[in-house]
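Subject: Structure handover

Hi,

Here is the structure I said I would pass on. Have a look at it first, and then read on for what turned up.

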Amino acid sequence: MAKRNTIQRQLVIAAVRFLADHPTAEEVYDRITMEYPDISKGTVYRNLNSLVESGLLGKVSVPSGADRFDHILARHYHIKCTHCGKFMNVENFEYIPDMDEKVAKVTNYKMNHHDIVFSGVCPECQKLGDEVNGEELGNDFN
């Protein structure tokens, strides 16, 4: 049975596309309430999960962080700045689909898919100086 295309679903998809930077559920909620203050957080969260289940949005699980939502459905990788939290696509890097098969072979798991989130310090934060987030950056980035 097809899911109804409700105004709430449309608002959630529009917010994820507008934010375009892999927003968290909280960020999607905050965006929607700017124009529709009466929408409940539960409605936004339910619709995000429903849209992921129906394949209309992607969800990226972030270790030690909130899940992120993505309007780009083609498989790809992400990177997160450990200093400012910037979260973005890894551009010009091919997704490795046979990685699932290789991991299945060595673990005997039946694989669904893989999500990889790289972490590092973004170029903007590198320009801030020698110390970012309590870690010495040195000259390794030049």
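In which loop does Phe93 lie? Phe93 sits in the loop between β4 and α4 (99-107). One thing to keep in mind before going further: this is a predicted model.

Phe93 is a handy way in, as it belongs to a nonpolar patch on the surface together with Ile79, Met88, Ile96 and Phe118. Together these side chains have about 390 Å² of accessible area. Phe93 itself is partly exposed, with a relative accessible area of 44%.

The loop that holds Phe93 is also where you will find Asn92. Asn92 has a phi near 55 degrees, a positive value in a residue other than glycine. That caught my eye because most residues other than glycine have a negative phi. Asn92 is exposed, at 83% relative accessible area. There is a second case in Asn108, whose phi is positive at about 65 degrees although it is not a glycine either. Asn108 is in the loop between α4 and β5, and at 72% relative accessibility it counts as exposed too.

Now the overall layout. The chain has five helices and seven strands. Reading from the N terminus, the elements go α-α-α-β-β-β-β-α-β-α-β-β. Of the 142 residues, 30% count as buried.

On to the charged pairs. Side chains of opposite charge can pair when their charged atoms come close. Searching the whole structure gives six salt bridges, and here are some notes on Lys86–Glu124, Asp67–Lys59 and Asp98–Lys102.

Lys86 and Glu124 meet through their side chains in a salt bridge, at 3.5 Å from N to O. This pair links distant parts of the chain, with the two positions 38 residues apart in numbering: Lys86 is in the loop between β3 (78-81) and β4 (87-89), and Glu124 is in helix α5 (residues 123-126). Both ends count as partly exposed, Lys86 at 37% relative accessibility and Glu124 at 44%.

Asp67 and Lys59 also form a side-chain salt bridge, at 3.7 Å from N to O. Asp67 belongs to the loop between β1 and β2 (68-70). Its relative accessible area is 29%, so it falls in the partly exposed class, and Lys59 is partly exposed as well, at 33%. Asp67 has another partner in space to look at: its C-alpha atom is 5.9 Å from that of Thr24, although the two residues are 43 apart along the chain.

For Asp98 and Lys102, the closest N and O atoms of the salt bridge are 3.6 Å apart. Here the two ends fall in separate classes: Asp98 is partly exposed, with a relative accessible area of 33%, while Lys102 counts as exposed at 54%.

Last, the pockets. Rolling a probe the size of a water molecule over the atoms shows where empty space is left. How much space lies in the largest pocket? It holds about 210 Å³. Of the 15 residues that line this pocket, those closest to its centre are Gly58, Lys59, Leu73, Arg75 and Asp115. You will recognise Lys59 from its salt bridge with Asp67. Strand β1 (residues 58-60) gives the largest share of the lining, with three residues. Sorted by class, the lining has six nonpolar, five polar and four charged residues.

Asp115 deserves a click of its own while you have the pocket on screen. Asp115 is placed in the loop between α4 and β5 (117-120), the loop where Asn108 is found. At 33% relative accessibility, Asp115 counts as partly exposed. Asp115 and Val62 are 53 residues apart in sequence, and their C-alpha atoms are 8.9 Å apart in space.

That's the lot from me. Shout if anything is unclear.

Cheers

Key
Residues numbered from 1 in each chain as written. Predicted model: local features only at pLDDT ≥ 70, side-chain atom pairs only at ≥ 80, totals over all residues. Heavy atoms only, no water. Salt bridge = Lys/Arg side-chain N within 4 Å of Asp/Glu carboxyl O. Buried < 20%, exposed > 50% of the residue type's maximum accessible area, 1.4 Å probe, protein only. Helix = DSSP H or I, 4+ residues; strand = E, 2+ residues; numbered from the N terminus. Patch = residues over 30% accessible without salt bridge, like charges linked within 9 Å, V, L, I, M, F, W, Y side chains within 5 Å. Areas by Shrake-Rupley, 256 points an atom, 1.4 Å probe, with all protein chains shown as cover. 1 Å grid on protein atoms, 1.4 Å probe; cavity = no way out; pocket = protein on both sides within 12 Å on 5 of 7 lines; lining within 4 Å. Points joined across faces, edges and corners; volume = space filled by probe spheres on them. Nonpolar A, V, L, I, M, F, W, Y, C, P; charged D, E, K, R; others polar.
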